[in-house]
Amino acid sequence: MSEIRLSQDPSRMRHGSNMGQPLTRRDGILKVKGEARYAADKHLHGMLYAVIANSSIARGRVTFLDVEVAKRHPGVVDVMTPAHKPPLALDPDAKNNPFMFRLELLQNDQVRYANQAIAVVIATTLEAATEGAALLAPQYETLPARVGLDADESFVPPAVGVGHPSEVQHGDVDAALASASQRIEATYETPAQYHNAMEPHAIVAAWDGDTLSVDAPSQALLLAQMRIAGLFGIPPENIHIRSPFLGGGFGSKAGAAGPQVLGIMAARLVRKPVKLVLRRDQMYGPVGHRTPTRQRLRIGIDSDSRLTAIEHHAKIASSTFDDFFEPAADASHSLYASPAIATSHEAVRIDTGTPMFMRAPGEAPGSLALECAIDEAAFACGMDPLAFRLKNYAEVEPITGKPFSSKALRECYTQAAERFGWARRPLQPRQVRDDAGFLVGWGVGTAIFPALMFQAEARAVIRRDGSGAMESSAIDMGQGAWTAFAQISADSLGLDIDRVEFRAGTSDLPDGGIAGGSAHTATVGSAIHNAGAAVLGQLADLATGDERSPLFGAGNTGVVARDGRLHRRDDESRSESYTDILTRAGLAQIEARGKGGMDPAAQSTYAMHAHGAVFAEVKVAPDLGQIRVTRMVGAFAAGRIINPHLVRSQLFGGMIWGMSFTLHEEAVTDRRSGRIMNANLAEYHVPVNADVPSLDVVTVDEHDPHVNALGIKGVGEISITGSAGAIANAVWHATGIRPRRFPIRIEDVVAAS
Ligand code: MOS
């Protein structure tokens with residue numbers, strides 16, 4: 001479904017501008033009624049089902065697959081293996097940009113990680129395909145799996161994140177540490193985490209000659225289209241991808257995932273449409289995850305309680321066959337004003353699927369370690385941790401010297417502290433118990449996330465009947481992007497939202513870029529804004545150049561658009577409707593395109609970040625060590641808020657991720673086999689409703705004229721930062737024990753009770 005009706009119930013009707021109004025998601029109603037058709041809901045006539053057979057070893061090779069037995073199963077149509085598969089036009093191990101990842105597409109019999117695809121069974125029913133996969137009974141030549149951060153020799157990665165330097169030095173950290181009056185040194189460990197979007201990776205693929213039609217969730221349709229085109233040696237325009245709704249992505253659906261390409265290969269092999277949907281356990285391996293980290297922080301403070309040195313070293317893992325290096329230590333670059341900052345990364349290759357972008361890659365684990373260490377530094381100075389942060393946050397970005405939105409950050413600290421009641425916090429830990437005897441602790445963490453933009457395009461149309469349309473292939477990950485885009489579309493066209501048709505989510509529309517890096521609204525929103533401005537410019541030209549128009553002679557900049565009419569700016573009583581202008585010109589419609597992207601001049605002049613502060617209360621059972629988060633308050637400044645209702649939900653979501661990071665999520669690998677032992681949502685813990693307390697979010701007004709024309713920053717990821725640290729620091733304040741490994745375990749906090 002590429003067209004979403006966005007009319008609202010009366011209680012949510014807009015007043016004035018569409019942007020800034022708390023409209024509800026229109027697709028939300030479809031979802032709760034079960035009427036939203038996700039990619040895997042597609043059913044084509046004559047369609048077959050494909051099920052992947054996964055490796056149960058983490059390293060070695062497949063020596064035997066019982067293809068004959070599987071093929072004898074009634075219903076099994078074919079078994080795709082390294083020896084029997086359609087040819088590819090490109091080596092799936094080739095890599096020519098940092099967003100391109102090597103894919104396991106049955107190239108050979110090698111096994112590079114547990115859960116790697118080793119065959120695909122195609123059958124007339126899902127059940128037959130599943131049973132066929134089980135009948136393959138693979139045999140292996142097994143090598144010992146390399147597991148964990150100490151599995152092998154480490155090395156300095158060539159770059160981290162997307163092309164960032166692995167090591168950065170600013171000032172002389174060693175000298176600053178040597179002369180510091182207080183020094184903190186601590187090591188923090190975070191576990192491997194998996195994205196676990198609610199909707200599994202899926203695909204319905206249908207070939208017609210060399211034309212391919214695909215239903216698949218993807219955070220970046222053009223990237224997916226280009227990748228598939230390269231692999232199959234067909235022009236990108238031969239591929240039509242529909243990504244109707246995404247049940248989350250969190251980075252794991254950036255482009256085309258390996259299992260999705262296997263679905264396309266299966267359809268090519270059997271010359272019929274094929275549906276392939278991953279089971280939950282199959283999402284632990286081939287679709288990315290977050291590396292475990294071990295981070296060492298060293299912090300120096302002078303006698304005036306000012307930071308003099310921050311050294312942040314992160315050890316991380318990548319796969320044996322591809323490069324993704326989580327930029328964890330980079331979290332220390334921008335937030336605190338230290339004259340000396342050094343960050344570095346060290347990596348090890350292990351037998352795992354390749355780690356990938358996942359929910360604030362780098363910032364999430366990095367800021368957790370940094371915020372814990374800053375808390376320790378504050379306590380070493382005998383200072384309240386908020387007061388210490390207010391004294392030490394950066395007024396200009398420390399390494400680059402660029403102007404920083406420090407006023408917005410200060411507002412976040414102040415407003416959230418006030419709402420939380422922080423002033424009543426005792427400095428010493430383990431001072432407060434509630435009526436039931438639980439230890440009560442309060443903690444703070446600072447949130448920061450770069451205001452990124454990628455590139456996107458939109459097409460705007462104004463029709464003679466006074467209605468409008470806006471198109472961009474942009475997807476909606478579930479966060480309400482399409483609702484926000486429709487709001488921007490309406491304002492950019494000077495129309496009521498009910499008069500604008502918004503079309504998105506299919507690859508035949510102008511490129512909607514990448515839904516990631518918390519950059520989607522800023523990037524696509526800018527494209528929409530520019531497309532709207534361009535089409536209104538054409539309309540204004542038609543009117544102001546025509547003697548018969550009341551706008552004649554007003555000039556292009558001399559008109560404003562509102563409610564389907566152009567008005568003279570200097571005399572708003574003189575106006576003309578879009579319908580009258582187009583009718584007189586004899587045009588059925590006019591259209592224009594617009595692009596969104598960052599402004600390199602502004603980027604090189606200003607530090608661009610969204611900011612926030614999070615306060616958390618935890619209660620810890622003194623004898624049992626059970627930790628409950630009982631309260632969280634966050635304040636965030638993220639530029640212009642297009643839809644406060646949706647933004648609040650995004651910020652809540654990130655705060656819950658923070659809780660998840662500190663207390664719940666961990667993928668556990670069996671050291672003997674290299675297999676993940678909790679590859680399911682029962683044992684891979686994420687917070688459920690009973691875990692999540694009252695959350696309170698304030699958005700701090702911020703007008704940032706430099707980030708983009710609309711002043712939009714992202715809200716998708718920022719609130720995981722700050723939240724994770726605030727909870728860890730609250731656990732210390734409750735118990736007197738500094739958490740050093742995450743998720744925090746019961747045995748870590750009962751030790752000293
Ligand atoms: Mo995200 S990790 O920017 O999808």
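Q: Is G513 buried or exposed, and where along the chain is G513 found?
A: Burial is judged from relative accessible area, where buried means under 20%, exposed over 50% and partly exposed in between, with a 1.4 Å probe and protein chains only. G513 counts as buried because its relative accessibility is 14%, and G513 is found in the loop between β21 (500–503) and α11 (520–544). Helices (H or I, at least four residues) and strands (E, at least two) are DSSP runs, numbered from the N terminus. This is a predicted model, in which local features need pLDDT of at least 70 and side-chain atom pairs count only at pLDDT 80 or more, while totals for chains, interfaces and linings use all residues. Residues are numbered from 1 along each chain as its sequence is written, and side-chain values use heavy atoms, with hydrogens and water left out.

Q: Which residues is G513 in contact with, leaving aside its neighbours within four places in sequence?
A: Contact means heavy atoms within 4.5 Å. With those neighbours left aside, G513 touches Q219, A220, L221, Q455 and A456.

Q: What is the order of the strands in the open sheet that holds β22, β23 and β24, and which strands stand at its edges?
A: Strands of a sheet pair through backbone hydrogen bonds, either parallel or antiparallel; two strands are taken to pair if DSSP finds at least two bridges between them. Here the 3 strands follow the order β22-β23-β24 with antiparallel pairing. The edges are β22 (559–562) and β24 (575–577), each with a single partner strand, so one side of each is left without a neighbour in the sheet. From one strand to the next, the twist averages 20°. Between β22 and β23 (residues 565–568) there are 4 bridges, and V560 stands opposite H567 in β23.

Q: At what angle do α14 and α15 pack, and which word describes that angle?
A: Axes are lines fitted to C-alpha atoms, for helices over the stretch in contact, and angles run from 0 to 180 degrees between N-to-C directions. Angles under 35 degrees count as roughly parallel, over 145 as roughly antiparallel, 65 to 115 as roughly perpendicular and the rest as oblique. Helix α14 (residues 644–664) and helix α15 (residues 720–735) pack at about 45°, with their axes 7 Å apart, which means that α14 is oblique to α15. Residues making the contact include W657 and F661 of α14 and I727 of α15.
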